[in-house]
Amino acid sequence: MSEKQKKPKIGRLIRNFLLELVVYGGMVIVYTLTVLNFLGGYLTELFRQNVSFYAVLALLLIVAQGVVLDLVTSFLMDQIKLERLE
């Protein structure tokens with residue numbers, strides 16, 4: 001592949017990556033605000049009563065968030081047919 005053919009493809013992939021980053025970042029913000037709104041009081045009380053269980057639950061929430069947000073982001077990127085760096 002010539003140098004001229006590589007540059008547009010790399011530029012397009014970088015643009016798509018930045019778009020994916022913005023979409024993912026927006027979803028993380030919405031997720032964080034939602035969790036704080038719905039689970040904030042419960043998690044605070046759980047922290048005060050049982051720190052060990054709180055720590056395990058917090059780790060599970062972090063892992064679940066990562067998996068779900070990655071699946072949703074991948075689905076959205078596939079729907080708008082953007083090439084991704086993998």
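**Figure 1. The structure, a predicted model, holds 1 salt bridge.** The two partners are Arg-48 and Glu-45, whose side chains meet at 3.7 Å, taken from N to O. Both residues belong to helix α1, where they lie 3 residues apart, about one turn of the helix. Arg-48 has a relative accessible area of 62% and is therefore exposed, since the class of exposed residues begins over 50%. Glu-45, with a relative accessible area of 36%, is partly exposed.

**Figure 2. A close-up of the aromatic pair formed by Phe-47 and Tyr-54.** A search of the whole structure finds 1 aromatic pair. In this pair, the ring centres of Phe-47 and Tyr-54 are 5.1 Å apart, and the angle between the planes is 75 degrees. The arrangement is edge-to-face, because planes over 60 degrees apart are placed in that class. Phe-47 has a relative accessibility of 44% and so counts as partly exposed. Tyr-54 also counts as partly exposed, at 27% relative accessibility.

**Figure 3. A nonpolar patch on the surface, made of Ile-10, Ile-14, Phe-17, Leu-18 and Leu-21.** Together, these residues present about 460 Å² of accessible area. One of them, Leu-21, is shown here in further detail. Leu-21 is found in helix α1, which comprises residues 3–49. With a relative accessible area of 47%, Leu-21 is partly exposed. This value meets the requirement for a place in a patch, because patch residues need over 30% relative accessible area.

Conventions
Residues numbered from 1 in each chain as written. Predicted model: local features only at pLDDT ≥ 70, side-chain atom pairs only at ≥ 80, totals over all residues. Heavy atoms only, no water. Phe/Tyr/Trp six-rings, centres within 6.5 Å; stacked < 30°, edge-to-face > 60°. Buried < 20%, exposed > 50% of the residue type's maximum accessible area, 1.4 Å probe, protein only. Patch = residues over 30% accessible without salt bridge, like charges linked within 9 Å, V, L, I, M, F, W, Y side chains within 5 Å. Areas by Shrake-Rupley, 256 points an atom, 1.4 Å probe, with all protein chains shown as cover. Salt bridge = Lys/Arg side-chain N within 4 Å of Asp/Glu carboxyl O. Helix = DSSP H or I, 4+ residues; strand = E, 2+ residues; numbered from the N terminus.
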